[in-house]
Every structure is written in structure tokens, then in C-alpha cells.
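Trainee: Could you take me through one part of this model closely? I would like to hear about the helix packing and the cysteines that go with it.

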Amino acid sequence: MKPKNPAATLRQALTRRSALKKIGAAAGAAGAFSLAPGFVRYAQAQSSAPIKLGFQVHSTGIGAAYGRWYDRTTQAAVKLINEAGGISGRPIELVSEDDGTDPKRGAEVVEKFASQHKVDLVFGTLFSHVVIGAAPRAGELKMPYFVVSEGYHVASGALNRYVFQPGITDVRSQVSSMAPWIAGNLGKKVTMIFPDYAFGHDHRDFFSAAIEKQGGSIAALLAIPPTESSYTKYFPQIPAETEVIYHVMVGPGVLTFVKEMGEHFGSQRPQIFGFVDSLEAVDLASPGLEFLDGTYFWEANPRYAGSKQTEFDKFYREKVGVDANGASVSDAKDISTYSHMFGCWETLYVIKQAIEASGYQSPADKAKLIEATEAMTTFAASNEHPQGDKVFDGKRHQCYGHQFISKVEGQKLNVVHQTSIEDGLYENDTDYTKQAL
């Protein structure tokens, strides 16, 4: 008899993590993952034609910094997979298209992948407004669409059965796992500063609920238009009783945002907790960021290798060309988007596993591919999943993993807390498997 509680199902999967870690160590480059009971593996594909993967990348627009590193990570993973024999003996052919970080263009890119390039599936989309703009077209075209976004839009049930987020956790899980630490260590009266679109709205809604669950309250909500280039007019709106400023800004204006916040508060500031989105691709040694010393950040994957670096992280860094400080090995000033780009790497390995488990040979087998992905339950920490072990909910099409809280000290991020997977589990009734294929 199946548990009535969706989170209970995920918690059951967690009891297998120790066994999965042993499997992962033995599996090496082959990867390690679990399928839900009752799933039957299909025969391996016989075709030798390439598997065509459509890579929807933010090469231009406000997501360009992410897009550049998503591309580097994807290219590295594809190279490694192909060197190891490809997917079911078939090489990956990567077809890339820039969506300009624009929702309308995002839908057009999905259409182009289907009608012109005739790819087997599409993956890689990051910014939530682009995912929301493009996902409906993917569903209409019956195009498997693997996003690397973090938004709650997938797990919420707002999209469709062809959309998955199996390589990176969602915002609701992230904030749910961190709110207890923030309330217990920094303060309970919080002012939130967030971008005024779906990703920011997820933070607004779910962190507000999470901090209130800890006995805290929201002092103010400051929504920032994504095209804003100066933020000085917002800081005077922060109430005096604020104990913690929670910021999650993205895009090319983030460095200006942090500098202007420092100029406004000086040394007389509340505690500050930010999402590293605000500083992805930004050097912490940049002039004007001294203000951040002693503040805290969420990280999905720690930028700095640290004393507890795993062998999996060492392998991954080497392959994508990132040093121990999170910068390109060829240019110390070229800072990676390390807290997000691993999602492309891990998603590609999930795609590989799903194709091989389903026996996928051609677009006629897309239903088998969807069902094989939905049957997955756990991913072991490994070279294929260097961020750490995860559980996957096939009904929600969403994975759940660990989060990290880091403190800025000496112009570096030092991890001070790691959440458990259980910390980020939540209830909802999403079940994409009930939708027709």
C-alpha cells in the first residue's frame, strides 16, 4: 500500500542513501541511480545514429553569465560521455540555440528544435520566466524538456508531463531547509529584496511561510524590476526593526546592488543573508564588496573547494576547468556560476540514464523516456552527481538535495552549515503521471 503522504515516499528513499553511496563508488563512470519498484528496463537501443540534444542556452540577455558557464559545463559533460561510449553506444550530438533569456524567444527555440533540428529532447533552460514561457510549447510538441532552473514551477504542477527538473533543487525546498538556521542564528524580523518575476516570487512566498513557521515575521517585501540598474531608492524602504535583510538578486546589476547596499548601511547594518545568485560570476575580491565580510549566503554547490571537498567535486572541477577558488583555470578573474552550473552536468547524466533504461531509439519512444525518468527515485553522490546525493519524486518531476550556508570571511565563502535532504521536503499533491502522454 502506497503512503498517502508524498513527503513520506521521499523519506523512505532516503534510507537507501548509504547503500547508494556504495553503489556509486563501485559504478564509477557508469553512474548510480535507483528506479521505482515495478519499472521494467527496456532492451538497449540498436541504432548507431547520434542522440540529438537541443541545448537551450542564455547566451545573451540578463542570463548571459550563467549561459556561458552552463555551456562550458555542458560541453565538458558531453565530451566525457562521448569518450565513454556515448548513450547506449550512440554519440551525443549537441545542438545549441540562444534564447536571449527571453520567454517569447524561448518558446520559439523549442519550436525550432522540434521542427528544424528534430532533436530527441531539449534541456538547459535557467531563468524561470523563460521556462514558464517555453514549457507550454514543449508540452504541445510532446518534446521532453529538462530544465535547470530552481523555480517551483515544475514541482508545483503548473507545467506539464514533458517538463522535468531532475538535476537541481527548487526554491521551495531551498528556503524551507534554511529558514530554521536563519531564524535560530541571525534573527526573525526579515526584509526581503527579490526580483519581480516568478523566481523572486517563489522566494517571497515560500520564505515568508517558512520564516513564519519558525516564529518570525516579514518586515517588508521589496520587489525589484529585472531591468533595474540602480537600487538606492529601495534601501530607505527597509524598516528600522529589520533584523535580517534577505536578498536574492540576479542579472548584470548584482554588483551595483551589493555596492549600493554597502554604501547605504555602512557598518550599521542588520544581519544579511543572500542567495549567491547575487554574486554568481562575481569575484568576492572586487572593490566595494568589503561590506559583505561577515554576511551569509546560500550556496547549492560551494564555490570554494574547502577542507571537506569530495573526490567527486575534484573530478568535476577538473573536467569543467574550474580551480579551487571557483574561477576558470585559464583566467583567475573569470568566476564561474558554480552554485548552478552543476545542474547541467547532473541533468545530462539523468538523461543518459533515462534513455538507457527506456531503450529509447527514436522520437517514437518519447513516452518510454518520460516513464523511465518518472521511475527514478534516487541519485548517489558520484562523478555523475558531484553536488551530492539526491532523491527524485517522479510525480512532481523534481529532485531534492542538500543546501549549504556559507559565511564571507577574508573575501572567501566558508561553509558553516549543510542541510539534510529531509530539511527540504514539503507537501503538495502534484502528480504529472496522471496526465496523458
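Mentor: Happy to; here is a walk from one helix pair to the cysteines, with a second helix pair afterwards.

This is a predicted model, in which local features need pLDDT of at least 70 and side-chain atom pairs count only at pLDDT 80 or more, while totals for chains, interfaces and linings use all residues. Residues are numbered from 1 along each chain as its sequence is written, and side-chain values use heavy atoms, with hydrogens and water left out.

Let us start with helix H3 (residues 64–83) and helix H10 (residues 338–358), which pack at an angle of about 35 degrees with their axes 8 Å apart. Helices here are DSSP runs of H or I with at least four residues, numbered from the N terminus. The axes are lines fitted to C-alpha atoms over the stretch in contact, and angles run from 0 to 180 degrees between N-to-C directions. The crossing of H3 and H10 is right-handed, meaning that the near helix is turned clockwise from the far one by less than a right angle.

On the H3 side, the contact (heavy atoms within 4.5 Å) includes Trp-69, Tyr-70 and Leu-80. From H10 come His-340, Met-341, Cys-344, Trp-345, Leu-348, Tyr-349 and Lys-352. By class, this contact has 13 nonpolar, three polar and one charged residues; Ala, Val, Leu, Ile, Met, Phe, Trp, Tyr, Cys and Pro count as nonpolar, Asp, Glu, Lys and Arg as charged, and the others, Gly among them, as polar.

Cys-344 deserves a pause. At 0% relative accessibility, Cys-344 counts as buried, a word that stands for under 20% relative accessible area with a 1.4 Å probe and protein chains only. Its closest cysteine sulfur is in Cys-399, 13 Å away, so the two are too far apart for a bond. Cys-399 is likewise buried, at 0% relative accessibility. The structure holds zero disulfides, a disulfide being a pair of cysteine sulfur atoms within 2.5 Å.

Now for the second pair: helix H4 (residues 103–117) and helix H5 (residues 128–140) pack at about 35 degrees, with axes 7 Å apart. The crossing of H4 and H5 is right-handed. Pro-103, Gly-106, Ala-107, Val-110 and Glu-111 of H4 make this contact, with partners in H5 that include His-129, Gly-133 and Arg-137. The residues of the H4 and H5 contact divide into six nonpolar, three polar and two charged.

Conventions: Helices (H or I, at least four residues) and strands (E, at least two) are DSSP runs, numbered from the N terminus. Buried means under 20% relative accessible area, exposed over 50%, partly exposed in between (1.4 Å probe, protein chains only).
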